[in-house]
Amino acid sequence: MSQKISIASWNINSVRFRLDIVERFLQEVGPDVLCLQETKVVDRDFPAQMFRKLGYQYQVLNGQPMHHGVAILSRVPMVADNRHDWQDNGEARHIGAQLECGIRLENVYVPAGGEAPDPETNPKFVQKLAFIERMTNWSSQLDEPTLLVGDFNVAPCETDVWNHKQLLGVVSHTPVEVEALARLQQSHNWVDLGRKFIPEPAHVFTWWSYRAKDWKASNRGRRLDHMWASPSVAERALEHHLFEDCRNWGKPSDHIPIMTTFKVD
DNA sequence: ATGGCTGGTAGAACCAGA
């Protein structure tokens, strides 16, 4: 008998502040697995009970005070796997899990990289590039069927931003970042599921700034959130969804959830 | 061309986001 598994990813920008919309998403969409980034909570204060109540009894957490933080919540069996610190600075930006269906799941929150795309003056930009380079070294050693998801903080394609030329000098879409991400992609022949299902030149965004008066009207978005699959996992991808409505829900995150459904044996 | 907003934590004329 053939079965399916749905896996979602969402930069939630504080899981405690957005409990209402997380609950709504789980009730209305009900992915089997939810990967969160920017949970902004230490593990002992993570709202584990709310997820448990909704059936997400398997939980792996990697939080820290104030910033960053990632989590995987699942209603199908999984066990915790490695957590990598690719900057070696203690920041909680990655957590992995082994799903019982055989897929290895890696949930990552790549550093934003600060304001200026200039390695000379902006150490955060240097850190972001180093983070991606270390991920590339890790990825080139991977030989398992893996799904890599999260907020990569890079919009690689020209149609991943509202205005390619205008954003060439804006951190998230600079050529040096796009090239670093391309090396990461090549290191495992990762399949970009977002673009497998919605090929260029269609514009695809997963993030819209809070600063616009009307995010939808101005539509100055970027595709920062991604799901990359090992080739063998990509072959099993059945559907891919972007939940743009969530950007309009009460107290929204500036990112929307994305989700892919896979065939499993 | 600029600035616009958000949450956590401390109690900021902050930090980080992107």
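These are my notebook entries on a predicted model of a protein with a DNA strand.

**Entry 1: around the DNA**

I began with DNA strand B and looked up what surrounds it. I found 21 residues there, with Ser14, Phe17, Ala112, Ser172 and Arg211 the closest. I then sorted that surface by class and got an even split: seven nonpolar, seven polar and seven charged residues.

**Entry 2: the core**

Next I went to the largest nonpolar core, which has 66 residues. The members that touch the most others are Leu34, Ala71, Ile72, Leu147 and Ala229. I picked Leu34 and left aside its neighbours within four places in sequence. What remained in contact with Leu34 was Ala8, Trp10, Leu26, Tyr56 and Leu73.

**Entry 3: helix H1**

Leu26 took me to helix H1, residues 19-28, where the buried residues are Val22, Phe25 and Leu26. Looking down the axis of H1, I see these buried residues fall within an arc of 95°, so they line one face of the helix. What do the buried residues of H1 pack against? They pack against strand E2, residues 33-37. On the face of H1 turned away from the buried side I noted the exposed residues Asp20, Gln27 and Glu28. Just after H1 comes Gly30, and I wrote down its positive phi of about 60°.

**Entry 4: the sheet**

I traced an open sheet of six strands and wrote its order as E5-E6-E7-E8-E12-E9, with mixed pairing. Its edge strands are E5 (78-80) and E9 (191-192), each of which pairs on one side only.

I spent some time on E7, residues 104-109. Five of its six residues are buried, so E7 is largely enclosed by the rest of the structure. Which way does E7 run relative to E6, parallel or antiparallel? E6 (residues 94-99) and E7 pair in the antiparallel sense, over five bridges. The hairpin of E6 and E7 has four residues between the strands, and Gly102 in that hairpin takes a positive phi near 105°.

With E8 (residues 146-151), E7 runs parallel, and I have six bridges joining the two. I followed Glu106 across the strands: this E7 residue is the bridge partner of Gly96, and Glu106 in turn has Leu148 of E8 as a bridge partner. Leu105 is partnered by Leu147 in E8. I had already met Leu147 in Entry 2, among the core residues that touch the most other members.

**Entry 5: backbone oddities**

I closed with the backbone in the loops. The peptide bond from Glu200 to Pro201 is cis, with omega near 5°. I placed Pro201 in the loop between helix H6 (193-197) and strand E10 (207-208).

Two asparagines caught my eye. Asn153 has a positive phi of about 55° although it is not a glycine, and I find it in the loop between E8 and helix H4 (164-167). Asn189 also has a positive phi, of about 50°, and is not a glycine either. The loop holding Asn189 is the one between helix H5 (175-186) and E9.

Are they buried or exposed? Asn153 has 25 C-beta neighbours inside 10 Å, so I count it as buried; the cut-off for that is 20 or more. Asn189 has 12 C-beta neighbours inside 10 Å, so I put it down as exposed, where the limit is 12 or fewer.

Methods: Residues numbered from 1 in each chain as written. Chains lettered and ligands numbered in written order. Predicted model: local features only at pLDDT ≥ 70, side-chain atom pairs only at ≥ 80, totals over all residues. Near = placed C-beta within 6 Å. Nonpolar A, V, L, I, M, F, W, Y, C, P; charged D, E, K, R; others polar. Core = buried A, V, L, I, M, F, W, Y, C linked by C-beta atoms within 7 Å. Contact = placed C-beta atoms within 7 Å. Arc of directions from axis to C-beta. Pairing = 2+ DSSP bridges.
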